[in-house]
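Biologist: I am new to this structure and would like to go through it by question and answer. Please show the sequence and the model before we begin.

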Amino acid sequence: MEFFTFVSEQWLLVSLLLVLLYLYAWNEKRKSGSSLSIHTATRMINDGSAVVVDVRDSKEFKQGHIVDAINIPYNQIEDKAGQLASHQEKTLVLVDKIGQHVGSAGRLLRAKGYKVSRLEGGMAEWQNQNLPVVKK
């Protein structure tokens with residue numbers, strides 16, 4: 001009950017806090033690259049203007065991944081970013097399980113000069129749309 005009393009008495013501070021939290025989240029999302037729908041990503045992959053970089057660990061990658069995806073686990077992205085140098089002119093479409101790690105990986109790759117986008121919904125959404133996956 002004290003919480004509601006505080007909020008009603010300090011509505012201006014609470015509103016300011018909510019606005020600042022929203023702006024922080026928006027800025028972090030913007031830094032990590034734009035978000036691509038599955039249809040847009042598929043078109044870009046098919047026309048050769050994008051390359052898929054899967055940041056899941058190797059075990060999850062082998063259980064199913066997008067055709068021709070490059071697997072660089074999230075915890076190794078900084079060390080292995082050089083492997084992507086041959087794709088500098090293309091958009092890197094970052095994919096993980098549901099989108100929890102692509103933001104920070106995207107920020108790191110953008111700082112290294114890559115064009116980066118995130119796949120909306122990650123592999124979970126890709127599989128929900130019954131799109132093809134490769135299993136090793």
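Biologist: Among contacts in the protein chain between residues at least 6 apart in sequence, what share joins residues at least 24 apart?

Modeller: This is a predicted model, in which local features need pLDDT of at least 70 and side-chain atom pairs count only at pLDDT 80 or more, while totals for chains, interfaces and linings use all residues. Residues are numbered from 1 along each chain as its sequence is written, and side-chain values use heavy atoms, with hydrogens and water left out. A contact means heavy atoms within 4.5 Å. Among contacts between residues at least 6 apart in sequence, the share that joins residues at least 24 apart is 68%.

Biologist: In what order do the elements of the protein chain run from the N terminus?

Modeller: Helices (H or I, at least four residues) and strands (E, at least two) are DSSP runs, numbered from the N terminus. The protein chain has 7 helices and 5 strands. From the N terminus on, their order is α-α-β-α-β-α-β-α-β-α-β-α.

Biologist: What radius of gyration does the protein chain have?

Modeller: The C-alpha atoms fill a box of roughly 60 × 30 × 25 Å, taken along the principal axes. The radius of gyration is taken over C-alpha atoms, and the globule rule is 2.2 Å times the number of residues to the power 0.38. A compact globule of 136 residues would come near 14 Å, but the protein chain has 18 Å.

Biologist: Which strands form the edges of the sheet?

Modeller: Two strands pair if DSSP finds at least two bridges between them. The open sheet has 5 strands in the order β1-β5-β4-β2-β3, with parallel pairing. The strands that pair on one side only, and hence the edges, are β1 (34-36) and β3 (70-71).

Biologist: Which residue in β5 is the bridge partner of leucine 94?

Modeller: Strand β4 runs parallel to β2, with 5 bridges between them, and parallel to β5 (residues 115-119), with 4 bridges. Valine 93 in β4 stands opposite valine 52 and also opposite serine 117 in β5. For leucine 94, the bridge partner in β5 is arginine 118.

Biologist: Why is β4 largely enclosed by the rest of the structure?

Modeller: Buried means under 20% relative accessible area, exposed over 50%, and partly exposed in between (1.4 Å probe, protein chains only). Thr91, Val93 and Val95 point one way from β4 and Leu92 and Leu94 the other way, and all are buried. The strand is largely enclosed because the buried residues number 5 of the 5.

Biologist: With which residue does the side chain of aspartate 54 meet in a salt bridge?

Modeller: Aspartate 54 lies in strand β2 (residues 50-54) and counts as buried, at 1% relative accessibility. Not counting residues up to four places away in sequence, aspartate 54 touches several residues, including Phe61, His65 and Met123. A salt bridge is a side-chain nitrogen of Lys or Arg within 4 Å of a carboxyl oxygen of Asp or Glu. At 2.8 Å, N to O, the partner of aspartate 54 is arginine 56.

Biologist: How many salt bridges does a search of the whole structure find?

Modeller: Besides the pair just named, the side chains of arginine 43 and aspartate 47 meet in a salt bridge at 3.8 Å, N to O. For the whole structure, the search finds 2.

Biologist: How much accessible area does the nonpolar patch that includes Leu20 have?

Modeller: Leucine 20 lies in helix α2 (residues 11-31) and is partly exposed, with a relative accessible area of 49%. Patches are made of residues with over 30% relative accessible area and no salt bridge, with like charges joined within 9 Å and nonpolar side chains (Val, Leu, Ile, Met, Phe, Trp, Tyr) within 5 Å. Accessible areas come from the Shrake-Rupley method with a 1.4 Å probe, and for residues only the protein chains shown count as cover. Leu16, Val19, Leu20, Tyr22, Leu23 and Trp26 together have about 640 Å².

Biologist: What phi does aspartate 68 have?

Modeller: Aspartate 68 is in the loop between α4 (58-63) and β3, and counts as exposed at 68% relative accessibility. Although aspartate 68 is not a glycine, its phi is positive, at about 65 degrees.

Biologist: Is asparagine 130, in the segment after α7 (122-128), buried or exposed?

Modeller: Asparagine 130 also has a positive phi, of about 60 degrees, although it is not a glycine. At 69% relative accessibility, asparagine 130 counts as exposed.
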